[in-house]
Amino acid sequence: MSVSDLGAAGYLSYCATPKRPDFRVPEGAVDAHCHVFGPATRFPFAPERKYTPVDAPKEQLFRLRDYLGFSRNVIVQATCHGRNNDALVDALATSDGRARGVAVVGADVTDPELDALDRAGVRGVRFNFLKRLVDDTPHAVFERIAQRVQPLGWHVVVYFEAQDLATVAPLLGRLPGRIVVDHMGRPDVTKGADGPEFARFIELMERNQQIWVKVSCPERLTVSGPPYDDVVPFAHRLVTTFPDRVLWGTDWPHPNMETHMPDDGVLTDLIPRIAPTESLQQALLVTNPMRLYWPEEMQP
Ligand code: 0GY
């Protein structure tokens with residue numbers, strides 16, 4: 001791989017020459033967690049952002065989708081674009097129906113604005129609890145937003161770290177509809193996939209059948225580095241325990257990474273290690289994301 005230049009604030013750019021994956025993803029596979037950034041000249045970053053990413057426009061994302069063998073993308077609004085979902089909506093509009101979105105909205109969002117996002121292909125709203133990325137939002141505000149998007153059939157995507165699970169769990173119990181947890185709830189991988197911390201997350205998913213999880217982001221969770229051997233057992237445990245409630249995504253362009261930049265081909269090659277059978281791969285990459293993001297194309 002080669003890492004191109006550094007962004008405005010010293011953040012790494014995405015891998016410009018990923019390896020061609022050895023693993024062939026199934027027909028119709030969905031990359032269910034990725035982002036688009038800028039270009040800043042057209043879609044300026046939010047003034048309140050905590051980092052400034054390198055431009056990662058939709059054309060690059062769609063090229064990567066094809067190169068890795070995926071058919072569709074779920075584009076997730078990241079904090080650097082704040083509550084302005086214009087870059088996301090623009091990407092959805094030019095995707096030929098092959099991308100759906102997860103937006104970020106505030107308490108002041110109007111019903112016509114929600115309807116417009118829905119027409120654009122947004123199917124979920126993201127709540128971020130990471131203190132290094134966002135200022136605190138009262139849980140009551142998140143609850144109200146979750147209620148307001150229910151009539152649209154949207155779900156909620158939540159991003160928190162394992163040490164905050166106890167604080168966030170009561171809110172998750174109150175939220176209506178499906179909830180998707182980003183990046184496996186960000187476990188501390190040094191504590192082990194069989195350890196008590198990850199057990200608390202597994203128990204939460206056992207208790208609450210509405211909770212789904214993305215088995216993504218080894219590049220942020222790893223301590224040992226590529227090829228992420230220390231993260232694989234966590235993803236494998238989730239995929240084999242909850243095969244109908246797991247999603248996978250590249251996390252391209254891997255914003256806010258300061259140490260190493262993953263090769264998206266290497267990330268794709270992890271899939272058969274975390275989902276070792278064809279039926280698990282089909283559920284993870286096709287059936288589950290289609291149920292959530294393109295339900296109208298699924299058999300009843
Ligand atoms: C990710 C990860 C991160 C950033 C964001 O919204 C964001 O800014 O999601 C992160 O820094 O952990 O790709 O979800």
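**Exercise 1. Find out which residues are linked with Lys19 in a network of salt bridges.**

Start at Lys19 in this predicted model. Follow the charged contacts outward, and you end up with a network of salt bridges that links Lys19, Asp22 and Asp269. As background, side chains of opposite charge can pair when their charged atoms come close. Now widen the view: the structure holds 19 salt bridges.

**Exercise 2. Work out what the salt bridge between Asp182 and Arg126 ties together, and whether the two residues are buried or exposed.**

Step one is the distance. The closest N and O atoms of Asp182 and Arg126 are 2.9 Å apart, and the cut-off for a salt bridge is 4 Å.

Step two is location. Asp182 sits in the loop between strand E6 (179–181) and helix H6 (196–207), while Arg126 belongs to strand E4 (residues 122–128), so this pair ties together parts that are 56 residues apart in sequence.

Step three is accessibility: Asp182 and Arg126 are both buried.

**Exercise 3. Place the partners of the Arg98 salt bridge along the chain, then classify each by accessibility.**

First, the partner of Arg98 is Asp66, with 3.8 Å between the closest N and O atoms. Next, look up where they sit: Arg98 is in the loop between helix H2 (86–93) and strand E3 (99–103), and Asp66 is in helix H1 (residues 58–68), so the pair links distant parts of the chain, 32 residues apart.

Now for the accessibility. Partly exposed covers the range between under 20% and over 50%. Arg98 has a relative accessible area of 30%, so it is partly exposed. Asp66 comes in at 43%, so it counts as partly exposed too.

For another case, take Arg123, whose side chain meets that of Asp118 in a salt bridge (3.2 Å, N to O). Arg123 has 17% relative accessibility, so it counts as buried.

**Exercise 4. Describe the linings of the largest and the second largest cavity.**

Begin with the count: there are five cavities of 30 Å³ or more.

The largest cavity holds about 120 Å³ of space. Its lining has 15 residues, and Tyr51, Leu133, Tyr159, Arg220 and Pro255 lie nearest the centre. Sorted by type, that lining gives five nonpolar, six polar and four charged residues.

The second largest cavity has a volume of about 80 Å³. Its lining includes Met184, Cys217, Trp248 and Ile274. Here the split is eleven nonpolar, one polar and no charged.

How values were computed. Residues are numbered from 1 along each chain as its sequence is written. This is a predicted model: local features need pLDDT of at least 70, side-chain atom pairs count only at pLDDT 80 or more; totals for chains, interfaces and linings use all residues. Side-chain values use heavy atoms; hydrogens and water are left out. On a 1 Å grid over the protein atoms alone, a cavity is a set of points where a 1.4 Å probe fits but cannot get out, and a pocket is an open set with protein on both sides within 12 Å along at least five of seven lines; lining residues have an atom within 4 Å of a point. Grid points are joined across faces, edges and corners, and a volume is the space filled by probe spheres set on the points. Ala, Val, Leu, Ile, Met, Phe, Trp, Tyr, Cys and Pro count as nonpolar, Asp, Glu, Lys and Arg as charged, and the others, Gly among them, as polar. Helices (H or I, at least four residues) and strands (E, at least two) are DSSP runs, numbered from the N terminus. Buried means under 20% relative accessible area, exposed over 50%, partly exposed in between (1.4 Å probe, protein chains only).
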